[in-house]
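Subject: Structure handover and notes

Hello,

Here is the structure for your files. My notes follow below it.

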Amino acid sequence: MEPVAGTRINYLDTSLRDGSHAVEHDFSPEQVRHVVGGLSASGVRYIEVGHGAGLGGSSLLQGRGSYSNTELFDAASEVIGDATLCTLMLPGVGVMDEVREAVEHGVGGVRVATHVTEADVAEQHLQLCRDLGLRTFGFLMMTHLATPEVIAEQARIMAESGAEVVYLADSAGYMTEQGVRDRVAAVRAAIPVEIGLHAHNNLGLSVSNSLAAIDEGASFIDGSLGSLGAGAGNTPGEVFSVVTKRIGLETGIDEWQLMDVAEDEVRPLMRFPQVIDRTSLVLGYAGVYSSFLLKAKAAAARYGVDAGDILMEAGRRGAVGGQEDLLEDIAYTMAQDREVPVGATR
Amino acid sequence: MSTNSQLSVERPFRVAILGSGNISTDLMYKVLREQTLQLAVMAGIDAGSEGLRRAAALGVHTTADGIDGLFQLDELPELVFDATSARAHLAHAPRLAEAQIASVDLTPAAIGPMVIPAVNGDEHRSAMELNLVSCAAQATVPLVAAVGRAAQHLRYAETVSTVASASVGPGTRQNIDEFTHKTRKALETVGGAEQAKAIVVLNPADPPPCMRNTVYAEVDGLDEDLLAVEIERMVQRVQAYVPGYRVRGPVLNGRKVTLFNEVEGAGDFLPKYAGNLDIITAAAVRMARQRVTAGAEARV
């Protein structure tokens with residue numbers, strides 16, 4: 001079934017946060033101003049900005065940001081108008097002081113993210129966001145790994161801690177439509193909280209999965225322009241806005257203007273075509289965290305092993321978001337175990 | 001000057017355990033293995049707890065009256081392991097200090113100096129209040145310190161600690177900022193990094209994975225030969241109390257040094273994957289042993 005015409009949907013654009021992974025955390029304040037200005041003028045109400053791993057994400061693990069989060073927030077604030085500037089934080093990586101600092105730089109919404117079974121590590125952070133009067137989102141990552149019942153319980157923990165919206169993130173771009181429907185429906189049946197879907201396009205299903213989520217009652221959908229994001233990227237925002245227009249959903253977005261922003265502002269920032277290549281397909285197939293893609297490729301090149309093999313091994317070990325360090329460890333160990341040195345005859 | 005045999009054959013050093021949870025129970029098995037330590041009491045507050053039941057079954061004196069029960073002993077212990085909670089330890093600390101009982105603190109209360117036995121255990125072995133910081137610090141600070149000893153300047157250290165979800169209790173879950181903050185502070189203060197960052201990741205995979213750590217360091221003036229020696233030496237020092245402490249690397253890339261580490265626990269009471277908990281109970285017992293050694297040396 002398609003969502004009913006007239007349904008109101010909030011589109012949250014994460015080109016400048018999830019997209020940060022795809023440019024190795026190298027967005028400049030100037031680029032942020034251009035994209036945020038365009039998004040806001042197109043009618044996008046929620047705009048996420050920051051290092052790909054969110055507050056405190058700049059690190060040797062994830063890659064250092066060329067600019068600090070606060071510099072990027074300041075640039076966004078100048079042009080964001082009355083849209084809400086959002087950012088992400090992962091407890092264990094970012095800390096509450098960084099939330100307070102972000103607020104001083106214009107952030108009005110924070111998404112507190114945990115692995116799908118670990119919502120209780122976010123209780124303090126969600127509470128703080130509510131106390132600060134922020135638009136407060138819970139964000140459950142790698143939701144394909146948990147059953148609908150477990151997800152409903154974890155969403156309840158987030159809602160009771162202060163989340164007004166609970167996002168289900170298909171961080172590996174693994175889910176097909178039924179998986180999305182079952183999970184959204186379970187949360188909707190269990191608790192009265194707004195529900196969001198954050199998809200990755202590793203199997204090419206992000207737009208249709210987003211529609212399925214809406215049909216089951218989700219009211220927030222993430223996207224990024226041109227799909228710019230980790231792995232094969234996110235739900236392409238300009239595609240989503242055109243599709244929603246066609247079937248009569250209300251997003252408040254001028255899709256023609258959004259297409260221009262995608263084409264003129266975001267695509268020129270891309271370092272490589274944001275497509276579903278064979279390594280992204282491994283992510284989607286094996287259920288591996290999307291931001292592992294570039295790290296696995298880098299480790300593969302450095303140690304002369306196969307990126308797909310690294311990702312399959314990470315999937316076998318049940319690696320979760322934040323374990324990017326494991327990829328180099330796997331590659332290092334594979335190289336050590338290899339009997340024939342790199343460059344020897346095949 | 002004679003090392004009188006009566007002095008060198010020490011009477012056992014009396015210790016007590018405050019708390020009867022998983023950590024305390026694991027600690028009990030480790031203490032019972034130490035010939036120089038005599039476990040005077042295990043003091044919990046729940047008479048029905050598994051820890052107290054196990055202790056009693058092994059012939060250990062128990063009380064369910066907490067620290068009050070401990071103070072009713074005819075002969076007080078010389079050292080207490082406190083594995084209760086930060087709040088409880090803040091209440092216990094002044095009473096223990098007043099009675100001149102040394103305290104090895106496994107809670108996050110953080111009153112005493114930060115101690116990582118393989119790095120600064122000798123320096124603090126006679127202190128009356130020791131703070132074991134965090135499991136992540138116990139695992140990563142030794143490696144950061146080893147890198148620092150092989151370099152002229154340790155600019156930055158960053159650690160990523162992945163622990164099994166099942167091994168992380170509600171205390172840590174609800175104070176994860178404090179956990180990362182304390183670990184960072186130990187990387188700087190004890191590990192010697194000018195700046196540091198600590199990251200912690202919880203992994204719920206089944207079967208639960210062993211504690212894993214990656215240590216990144218940025219250095220100037222690295223002596224690569226010395227690095228290998230310092231790492232080997234440090235790993236041996238930690239393995240003396242945590243046999244399942246393993247390191248792969250170093251990987252050198254410009255100024256960056258990377259080390260991969262796993263901590264498999266001894267499996268005394270806690271499961272082997274919970275190397276993060278094992279390393280802190282093992283560190284606690286290590287410090288008690290160091291204290292016995294210090295006492296013996298002082299008396300010679």
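In chain B of this predicted model, strand β4 (residues 79–82) runs parallel to β5(B), and 4 bridges join the two. One of the partnerships sets V80(B) against S103(B) in β5(B). Between these strands the chain passes through helix α5 (residues 86–98) of chain B, and the β-α-β crossover is right-handed.

β5(B) also pairs with β6(B), again in the parallel sense, over 3 bridges. Here D105(B) stands opposite N131(B) of β6(B). The unit made of β5(B), helix α6 (residues 117–124) of chain B and β6(B) is a left-handed β-α-β unit, whereas the crossover from β4(B) to β5(B) is right-handed. You may want to look at both on screen.

Which residues of β5(B) are buried on each side? Strand β5 covers residues 102–105 of chain B, with A102(B) and V104(B) buried on one side and S103(B) and D105(B) buried on the other. Both faces of the strand are therefore covered. In a regular strand, side chains alternate between the two faces of the sheet. Two of these buried residues have already appeared above: S103(B) as the bridge partner of V80(B), and D105(B) as the residue opposite N131(B).

Next, the backbone.

Two residues other than glycine have a positive phi. For V133(B), phi is near 65 degrees. V133(B) sits in the loop between β6 (129–131) and α7 (135–149) of chain B. Is V133(B) buried or exposed? V133(B) counts as buried because it has 27 C-beta neighbours inside 10 Å, and the cut-off for buried is 20 or more.

The other is E24(A), with phi near 50 degrees. E24(A) belongs to the loop between α1 (18–22) and α2 (29–41) of chain A. Its 16 C-beta neighbours inside 10 Å make E24(A) partly exposed, so it falls between the limits of 12 or fewer for exposed and 20 or more for buried.

Chain B also has cis peptide bonds before proline. One joins D206(B) to P207(B), with omega about 0 degrees. P207(B) is in the loop between β8 (195–203) and β9 (211–222) of chain B. Another joins G249(B) to P250(B), where omega is about 5 degrees. P250(B) lies within a strand, β10 (residues 245–253) of chain B.

Regards

Definitions and conventions: Residues are numbered from 1 along each chain as its sequence is written. Chains are lettered from A and ligands numbered from 1 in the order in which they are written. This is a predicted model: local features need pLDDT of at least 70, side-chain atom pairs count only at pLDDT 80 or more; totals for chains, interfaces and linings use all residues. Two strands pair if DSSP finds at least two bridges between them. A crossover is right-handed if, with the strands pointing away from the viewer, the path from the first strand over the helix to the second runs clockwise.
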